[in-house]
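Have a look at the fold below with the sequence beside it. We will walk through a helix and its surroundings, then turn to a pocket and an annotated site.

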Amino acid sequence: MSDLELLEAEINTAIAGADSETALEDVRVAALGKKGSVSEKMKTLGKMTPEERKEMGPLLNTLKNRVGEAISARKDVLKEQALNARLASETVDVSQPLRATPAEEGRIHPISQVTDELIAIFADMGFSVAEGPDIETDELNFTALNFPEGHPAREMHDTFFFNEKEDGERMLLRTHTSPVQIRTMRNQEPPLRIIIPGRTYRCDSDQTHTPMFHQLEGLVIDKSTHIGHLKGTLEEFLKSFFEVDDVELRFRPSFFPFTEPSMEVDVKCDRSGAEVKIGTGSDWMEILGCGMVHPNVLRNCGLDPDVYQGFAWGMGIDRLAMLKYGMNDLRAFFDADVRWIKHYGFRPLDIPALASGLSK
């Protein structure tokens, strides 16, 4: 064999033995690189006579081309082998469930979910949502709502007061959302039909009470409103919220400074199992407080009680969530435990609506 034939055979052996693209690139550089074996042969053409150059030139160019083609062919083979190996090692099990998207991973807190459920129900009845500040004046939180001087709720053991101002006024964290009722009646003309969801604060803490909790109040003011409207509104609300066909209510006389008459409302339920079932059974459970708006409250808002009358009610959003979804400790609502929120939380796209069902 000639020198060129021997060189080509050596290069082909090296190409065939390359087991990766990196090894093949080393063979290419050794043969066709600037100082490669084929390139060194090409450099000798300049020292040859014209006759020798005429003979060797085509032979060296042919060798260079064949080596390049052999390297290219081997590269294709190695690429295919690498792809097959990757496909074999990265198989996809199509029987496995899809990985949750970011929108599916998050969870809506039960308080937010139940608040949205309440708003959806009352919006369907024609109520609008009213809001107000968490920090209130003593006048709006107590005086305008017919709380007399010396009432226990106005004491430090029941209410979070701020330091007195220079004029003697004490701001406070609202103990109920009722100040928003006063603000609305003073700033809007009747008829009024509003609900007021929001945070409230009281000095209390145990398994069923926290210093900060959530409340929803409702208010209706009109010229012909009567207690029958109140009863019908609460019945329809409880049927929709607990998603039952019927509820039986019991109204018991009570006392609130801002309503007259005032009533506690009990709902018939079944306590025999692990969870309370609304709309069935023979037990009774207190669910909310309500009453007809006190004439003094109407006068404090510039409304004539001989012309206008109305009703109001209040309920704890946290307690409603516990009853409906079987949670037995209110303190867990505020522990920020990811395990708890994953268990009791709601998917972000499960938006409450009466048409599709409040809860999923």
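In this predicted model, the buried residues of helix 6 pack against a mixed set of strands and helices: strand 4, strand 5 (212-222), helix 9 (227-242), strand 10 (309-316), helix 11 (317-325) and helix 12 (338-344). The residues of helix 6 that count as buried are Pro-110, Ile-111, Gln-113, Val-114, Thr-115, Glu-117, Leu-118, Ala-120, Ile-121 and Phe-122. Residues three or four places apart in an α-helix point the same way, because there are 3.6 residues a turn.

How far apart are the end C-alpha atoms of helix 6? They are 21 Å apart, which agrees with the 21 Å that its 15 residues should span at 1.5 Å a residue. After helix 6 comes Gly-126, with a positive phi near 95°.

One of the packing partners of helix 6 is helix 11, and this helix deserves its own visit. Eight of its nine residues are buried, so helix 11 is largely enclosed by the rest of the structure. Those buried residues are Ile-317, Asp-318, Leu-320, Ala-321, Met-322, Leu-323, Lys-324 and Tyr-325. Just after helix 11, Gly-326 also has a positive phi, of about 70°.

The two glycines that come after these helices can be set side by side:

| Helix | Glycine after it | Phi |
|---|---|---|
| Helix 6 | Gly-126 | near 95° |
| Helix 11 | Gly-326 | about 70° |

Now for the open space. Rolling a probe the size of a water molecule over the atoms shows where empty space is left. The second largest pocket holds about 240 Å³. Its lining is made of 15 residues, and those nearest the centre are Thr-115, Glu-131, Pro-197, Gly-198 and Arg-199. Helix 6 (110-124) and strand 4 (192-201) are the elements that give two or more residues to this lining. Which element gives the most? That is helix 6, with five residues. By class, the lining is evenly divided, with five nonpolar, five polar and five charged residues. Thr-115 thus has two roles in this account: it is among the buried residues of helix 6 and among the lining residues nearest the pocket centre.

Finally, the annotated site. An unreviewed UniProt entry places the feature "binding site" at Glu-260. This residue sits in strand 7 (residues 259-270). Is Glu-260 buried, exposed or partly exposed? With a relative accessible area of 47%, Glu-260 is partly exposed. Beyond its neighbours within four places in sequence, Glu-260 is in contact with Met-292 and His-294.

Conventions:
Residues numbered from 1 in each chain as written. Predicted model: local features only at pLDDT ≥ 70, side-chain atom pairs only at ≥ 80, totals over all residues. Heavy atoms only, no water. UniProt positions renumbered as here; feature names shortened; annotations may be inferred. Helix = DSSP H or I, 4+ residues; strand = E, 2+ residues; numbered from the N terminus. Buried < 20%, exposed > 50% of the residue type's maximum accessible area, 1.4 Å probe, protein only. Contact = heavy atoms within 4.5 Å. 1 Å grid on protein atoms, 1.4 Å probe; cavity = no way out; pocket = protein on both sides within 12 Å on 5 of 7 lines; lining within 4 Å. Points joined across faces, edges and corners; volume = space filled by probe spheres on them. Nonpolar A, V, L, I, M, F, W, Y, C, P; charged D, E, K, R; others polar. Expected span 1.5 Å × (residues − 1).
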